[in-house]
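Hi everyone, thanks for making time for this. Could you pull the structure up on your screens so we can walk through it together?

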Amino acid sequence: MDGDSAFLCGVVEGFYGRPWSMDQRRVLFQWMQQWGLNTYLYGPKDDLKHRLLWREVYSSDEEAQLRTLMVEAERRGITFVYALSPGQDIVFSSASDLSLLKRKLRQVSELGCRAFALLFDDIDHSLCQADSQVFSSFAQAQVSVTNEIYQSLGEPPVFLFCPTEYCGSLCSPSVSKSPYLQTVGEDLLPNISVIWTGNKVISRKLSVENLSEVEAALQRPPLVWDNLHANDYDSRRLFLGPFKGREPELRGHLRGLLLNPNCEFEANYIPLHTLGTWHRVGGEDGKEEWEYCPERALTTALQDWMEELNRPLHAGRQGRQAETRSSGSTAQHNGSDRTSGFRGTIPLPVFPLDPSSPPSSPTQTRREADTEASDAGQKRRCHQPSPGCRSEAGGGRAPKTPVRASTGGKGALTESQVRLLVGLHYLPHEHGPAAQKLLQDLTWLKSNCHAVSANGKKSAPEKMEEWRGRACRFLSLCEDIAELHCSVVGGANRAVLYDLYPYVWDLRNTALVAKAFIYWLDGRVMSDSSALGSWRNCFHWCGQSTGVDQGVESEPWVFKGGVSGEVQMLLPVGGSTELFTHPPPLFPTSRLYNIRPYHSKDKVELYRMVRQLHLRTQAGLESSAHPDLIGDRCLGACLALCPEYSFVLEDELGCVGCVLGIQDVRSFTKRCQASWIPAMRDKYPPRAGSTHGNIQDLVQQMQEDQGEYPDSLLYHFPSQLRLDALPELVDVSVSRTLLTALLTALKANGSQGVFCEVQPTDRQRLEFLTKLGFLEILRGEARSREGVVMGRLL
């Protein structure tokens with residue numbers, strides 16, 4: 001390739017986070033050759049010897065790795081550009097630093113590299129005292145060093161310079177009037193290309209007009225470092241959409257365009273595939289017209305990606321032996337991942353051979369230890385919603401979704417599922433059709449829930465039917481998201497699973513909460529005259545694009561979380577980020593979960609579940625005791641007096657958890673003393689000669705459980721909850737999601753705080769809540785009688 005004249009189009013590995021592996025880069029070069037891309041820039045920010053330790057030369061092993069990459073790139077017809085980022089601590093006037101910089105680049109040059117880049121992005125825009133005595137400006141210092149390095153390397157045909165003002169929003173006062181850019185344009189040697197990202201760090205569009213202004217200031221056509229698909233600024237966002245917002249005619253005003261894509265390698269198939277299509281359109285051979293349609297390019301890429309998704313590949317595209325092998329300069333930096341969010345928290349060899357189940361453990365077999373229970377062995381599926389939009393609960397008003405046969409995620413991903421996956425993780429400034437529909441429906445359902453409120457004015461039947469019909473469509477889409485999660489986990493391509501799993505898992509959990517909330521809204525939310533108004537006006541943004549449409553000048557990182565974040569903000573507890581942000585489970589499972597409001601017919605199943613939990617930890621209850629006793633004590637009062645704040649967690653086998661809430665503890669205690677406790681005395685009367693005295697003890701404890709709480713506690717935390725889940729529930733995030741569903745309902749009806757009472761002697765429960773992260777979620781402590789009470793303002 002003629003480096004002096006060819007349009008440089010390809011990939012820059014320049015993100016913050018774990019660098020790609022050697023195997024992944026080899027696959028990248030294969031993709032690039034196949035799709036007509038010709039340039040790769042090596043500059044991962046978290047490669048220590050690229051940025052932080054730029055003065056250190058490579059070891060012999062690291063040299064071998066770099067040489068291998070260069071040879072592979074050359075074999076594929078790809079220009080390998082080696083980049084160095086010395087700007088954080090270089091002293092431009094220091095002869096020693098300049099000598100070390102030349103030594104480092106000379107070492108790479110001797111390995112066979114013929115293209116280089118010096119990057120001065122994301123650094124302090126000032127000179128140290130020593131430099132200020134030698135150079136008149138920051139720009140002059142950078143240009144002087146860059147020119148000298150360029151000449152010392154023999155003026156290679158490809159040499160790139162990234163300025164500190166690398167986009168329009170960073171230029172002061174503007175692109176055309178920036179003294180910094182004027183110095184770069186005038187003093188930088190003419191054959192050195194200048195990197196530019198557009199009007200913004202992440203530009204929605206690139207226009208000929210804006211690039212012409214940049215070209216005039218730099219006195220040369222810029223090379224675009226395109227951050228359209230970069231996701232290192234938000235660990236909950238992924239971008240699978242097509243290359244978009246850059247017309248092919250821009251090529252006449254550019255030296256080249258390099259895409260800085262997702263940190264997760266496997267997420268870049270469609271972005272790079274469509275970039276290749278863009279590059280081929282209007283090529284020098286003139287065989288194709290100057291037209292590029294992102295939607296057509298996406299369709300073609302999706303068809304090719306379908307084959308890739310269903311290939312049996314290992315995580316990281318490595319064999320088992322390769323996973324433990326050192327990868328030279330890259331391997332030593334794999335531990336430098338950011339710890340915030342969930343990016344980079346899953347080690348490679350974590351996925352079991354059977355994706356539907358986690359590794360076996362003594363507690364793994366459901367209910368095997370509970371043969372002494374009266375209903376042992378009677379495994380059945382929990383009550384699933386029947387087709388249609390009506391329910392037996394809530395006066396026959398709760399919206400329902402159709403029953404679906406569970407696929408267990410065992411089959412290949414379908415084209416509709418892949419389109420859903422892409423549509424939910426589209427572009428930083430624009431949602432795909434599925435995400436738009438999800439957010440628009442949730443916004444509408446929330447804003448119009450007065451049509452089905454519990455105590456509002458009677459709404460017209462057509463309004464109620466409209467609400468429930470739209471709720472059914474929304475719930476169906478949430479089920480599609482859950483099944484997509486299962487299919488990704490159960491897919492053959494473990495490399496794709498490794499990279500995409502945290503994102504589909506995060507959206508699955510958020511959709512579970514949203515679905516439970518919509519179920520709950522029908523017939524349970526209070527009228528507009530209540531505290532409901534405090535959350536109906538909460539901040540949200542959706543529509544054709546993200547919040548950038550409301551403020552075009554904003555960078556995408558202003559709006560955190562992507563679709564998951566927007567759904568979260570539309571919920572009453574959307575501001576409680578700790579409820580939604582937590583690490584994914586170590587062992588993914590393709591088990592389908594559902595969270596829904598309690599139905600009266602769930603009582604038997606829930607009583608059986610808490611009795612099993614009690615039998616596992618307590619040896620004092622004889623098997624002949626009344627089978628309802630434990631359920632009555634733990635759940636009975638809540639299910640009888642405030643069932644509208646009870647939620648059930650179920651999987652494909654049955655109920656695995658529940659959460660019960662009391663919206664107003666003061667009024668609940670009075671009602672309990674007036675009706676529930678007398679009913680329990682009648683149900684369990686003392687009998688002469690009974691050998692089960694502990695039954696009467698438990699009945700007495702029921703009354704004590706409803707004791708008085710301090711006013712100082714109830715003033716701040718008027719609501720109470722109880723959470724139970726079987727220990728076989730390996731994915732504790734689902735329990736957190738169940739908890740969030742209840743907090744959402746309590747907040748929607750005006751609660752400002754909630755507490756949970758745990759007896760110090762109940763060690764299993766304390767351990768479960770600790771594992772769940774409950775102690776971190778409900779911050780603040782108070783003491784009531786002998787129990788420990790934890791509360792948190794919602």
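I'll start with the overall picture, then go to the cores, a helix pair, the cysteines and a few loops.

Before anything else, please keep in mind that this is a predicted model. The protein chain has 794 residues, and 60% of them count as buried. Its secondary structure comes to 25 helices and 15 strands. And here is a number about how the chain folds back on itself: take the contacts between residues at least 6 apart in sequence, and 81% of those join residues at least 24 apart.

Okay, the inside. Which residues touch the most other members of the largest nonpolar core? They are Phe-80, Tyr-82, Trp-305, Ile-518 and Phe-647, in a core of 197 residues. Helix α15, which covers residues 494–521, gives the most to this core, with 18 residues. There is also a second, separate core of 21 residues, and it includes Cys-162, Cys-167, Leu-223 and Leu-258.

Let's zoom in on Phe-647 for a moment. If we skip residues up to four places away in sequence, Phe-647 touches a whole list of partners, among them Ala-516, Trp-520, Ile-595, Tyr-598, Leu-738 and Ala-745. Arg-596 is on that list too, and so is Pro-597.

Now a helix pair. Helix α9 is residues 294–309 and helix α12 is residues 415–424, and they pack at an angle of about 115 degrees with their axes 10 Å apart. The crossing of α9 past α12 is right-handed. On the α9 side, the contact is made by Leu-298, Thr-299, Leu-302, Trp-305, Met-306 and Leu-309. On the α12 side, you have Glu-415, Val-418, Arg-419, Leu-421 and Val-422. Sorted by type, the residues of this contact are eight nonpolar, one polar and two charged. You may recognise Trp-305, by the way: it was one of the core residues with the most touching members.

Next, cysteines. How many disulfides does the structure hold? Zero. Take Cys-162 as an example: the closest cysteine sulfur is in Cys-167, but that is 9.7 Å away, so the two are too far apart for a bond. Cys-162 counts as buried, because its relative accessibility is 3% and the cut-off for buried is under 20%. Cys-486 is buried as well, at 1% relative accessibility.

Let's move on to the loops, beginning with a proline. The peptide bond from Ser-172 to Pro-173 is cis, with omega near 0 degrees. Pro-173 sits in the loop between β5 (158–162) and α6 (179–187). Is Pro-173 buried or exposed? It is exposed, with a relative accessible area of 62%. Apart from its neighbours within four places in sequence, Pro-173 is in contact with Ser-178 and Pro-179.

That loop leads into α6, so let's stay there. In α6, the residues Tyr-180, Leu-181, Thr-183, Val-184 and Gly-185 are buried. What do the buried residues of α6 pack against? The answer is α5 (138–152), β5, β6 (193–196) and α7.

Two more loop residues have a backbone angle worth pointing at. Asp-122 has phi near 55 degrees, a positive value in a residue other than glycine. You'll find Asp-122 in the loop between β4 (115–119) and α4 (129–132), and at 36% relative accessibility it counts as partly exposed. Gln-219 also has a positive phi, near 60 degrees, and again the residue is not glycine. Gln-219 is in the loop between α7 (208–218) and β7 (223–226), and it is exposed, at 52% relative accessible area.

One loop residue on the other side of the cut-off is Asp-46, which counts as buried at 15% relative accessibility. Asp-46 is in the loop between β2 (39–42) and α2 (60–75). Asp-46 and Arg-18 are 28 residues apart in sequence, yet C-alpha to C-alpha they are 6.4 Å apart in space.

Last stop: Ser-564, which lies in helix α17, residues 562–569. Ser-564 is buried, with 4% relative accessibility. Leaving out residues up to four places away in sequence, Ser-564 touches Arg-236, Asp-506, Leu-507 and Thr-510.

That's my tour, thanks for listening!

Key. Residues are numbered from 1 along each chain as its sequence is written. This is a predicted model: local features need pLDDT of at least 70, side-chain atom pairs count only at pLDDT 80 or more; totals for chains, interfaces and linings use all residues. Side-chain values use heavy atoms; hydrogens and water are left out. A nonpolar core is a set of buried Ala, Val, Leu, Ile, Met, Phe, Trp, Tyr and Cys residues joined through side-chain atoms within 4.5 Å. Buried means under 20% relative accessible area, exposed over 50%, partly exposed in between (1.4 Å probe, protein chains only). Helices (H or I, at least four residues) and strands (E, at least two) are DSSP runs, numbered from the N terminus. Contact means heavy atoms within 4.5 Å. A disulfide is a pair of cysteine sulfur atoms within 2.5 Å. Axes are lines fitted to C-alpha atoms, for helices over the stretch in contact, and angles run from 0 to 180 degrees between N-to-C directions. A crossing is left-handed if the near helix is turned anticlockwise from the far one by less than a right angle, and right-handed if clockwise. Ala, Val, Leu, Ile, Met, Phe, Trp, Tyr, Cys and Pro count as nonpolar, Asp, Glu, Lys and Arg as charged, and the others, Gly among them, as polar.
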